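Subject: Structure for you to look at

Hello,

I am handing over the structure we spoke about, and I would be glad if you opened it before reading on.

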Amino acid sequence: MIIEYFDKDSNKVGEIDFVIDYKPSKKPDVIVNRVVRSMLANKRQWTASTKTKGEVSGGGKKPWKQKGTGRARAGSIRSPLFRGGGVIFGPKPKTDFELKINKKEKKKAFIEALMAHIEAKTLMLLNDLSFDQPKTKLAYDLVKKLDAKKSLFILDKNMENAYLSLRNLERVEIRNVDSVNVYDLMRFPKIITTTNVFEKLSRRFANG
């Protein structure tokens with residue numbers, strides 16, 4: 001598969017021959033959907049918690065005698081009927097929403113998402129993404145030239161000036177090549193990186 005790469009002025013510089021041991025899935029959307037759903041579900045903390053009347057402190061003494069007061073009988077001031085009492089059917093921490101996905105399926109979904117960008121030509125490779133100094137104005141001009149107002153930049157850890165220049169731009173997000181995932185690829189209509197970073201990315205999913 002031939003992928004074009006460009007300079008910072010959006011001019012074509014050359015092509016790379018991208019080779020991958022890839023067999024398209026019959027239902028790529030299903031695999032990607034399963035992995036994204038598992039990522040979002042497992043990301044949830046679900047720490048919301050309320051106390052039942054048995055967990056609220058106090059209320060050990062019967063507030064009034066059982067008969068003869070004209071009031072409804074009551075056994076504890078921590079009943080849900082009282083102010084400061086327990087909560088009926090309130091939220092409790094849960095873990096049953098977690099979804100397990102194996103490594104092969106994660107890798108497959110990542111490749112499917114990346115190949116979708118390559119085939120749609122929404123993956124843009126640059127020959128260079130270096131900045132002499134961290135400056136948001138330079139990054140803004142670059143994004144404007146590349147027509148990448150809503151895009152994901154995949155950088156390597158040694159590209160600090162690029163990171164500092166791009167991080168404040170609206171609708172632009174940055175991911176490290178070692179941590180970018182399938183959800184990141186699906187969220188953005190355009191992915192931008194360099195040929196060197198793309199080569200490293202290719203090795204990452206090729207090795208599983």
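Below is what was found in the nonpolar core and around the aromatic rings.

Please keep in mind that this is a predicted model. The largest nonpolar core has 47 residues, and among these Ile 154 and Phe 198 touch the most other members. Helix H2, which covers residues 103-119, gives the largest share of this core, namely seven residues. If you select Ile 154 and leave aside residues up to four places away in sequence, you will find that Ile 154 touches, among others, Val 177, Leu 185, Ile 192 and Leu 201.

The count of aromatic pairs comes to two. In one of them, Phe 18 and Phe 198 are tilted, with 5.1 Å from centre to centre and 55 degrees between the planes. This pair links distant parts of the chain, since Phe 18 lies in the loop between strand E2 (12-17) and helix H1 (28-43), while Phe 198 belongs to helix H6 (residues 195-206), 180 residues apart. Phe 18 is buried at a relative accessible area of 7%, and Phe 198 is buried as well, at 2%.

The rings of Trp 64 and Phe 82 form a tilted pair too, with centres 6.1 Å apart and planes at 50 degrees. Both residues are in the loop between H1 and H2, 18 residues apart, and Phe 82 counts as partly exposed because its relative accessibility is 27%.

Finally, two charged residues sit over rings: Arg 71 lies over the face of Trp 64, at 4.3 Å from the ring centre, and the charged end of Lys 8 is over the ring of Phe 131, 4.9 Å from its centre.

Best wishes

Definitions and conventions. Residues are numbered from 1 along each chain as its sequence is written. This is a predicted model: local features need pLDDT of at least 70, side-chain atom pairs count only at pLDDT 80 or more; totals for chains, interfaces and linings use all residues. Side-chain values use heavy atoms; hydrogens and water are left out. A nonpolar core is a set of buried Ala, Val, Leu, Ile, Met, Phe, Trp, Tyr and Cys residues joined through side-chain atoms within 4.5 Å. Buried means under 20% relative accessible area, exposed over 50%, partly exposed in between (1.4 Å probe, protein chains only). Helices (H or I, at least four residues) and strands (E, at least two) are DSSP runs, numbered from the N terminus. Contact means heavy atoms within 4.5 Å. Rings of Phe, Tyr and Trp (its six-membered ring) pair if their centres lie within 6.5 Å; planes under 30 degrees apart count as stacked, over 60 as edge-to-face and the rest as tilted. A charge sits over a ring if NZ of Lys or CZ of Arg is within 6 Å of the ring centre and within 35 degrees of the ring normal.
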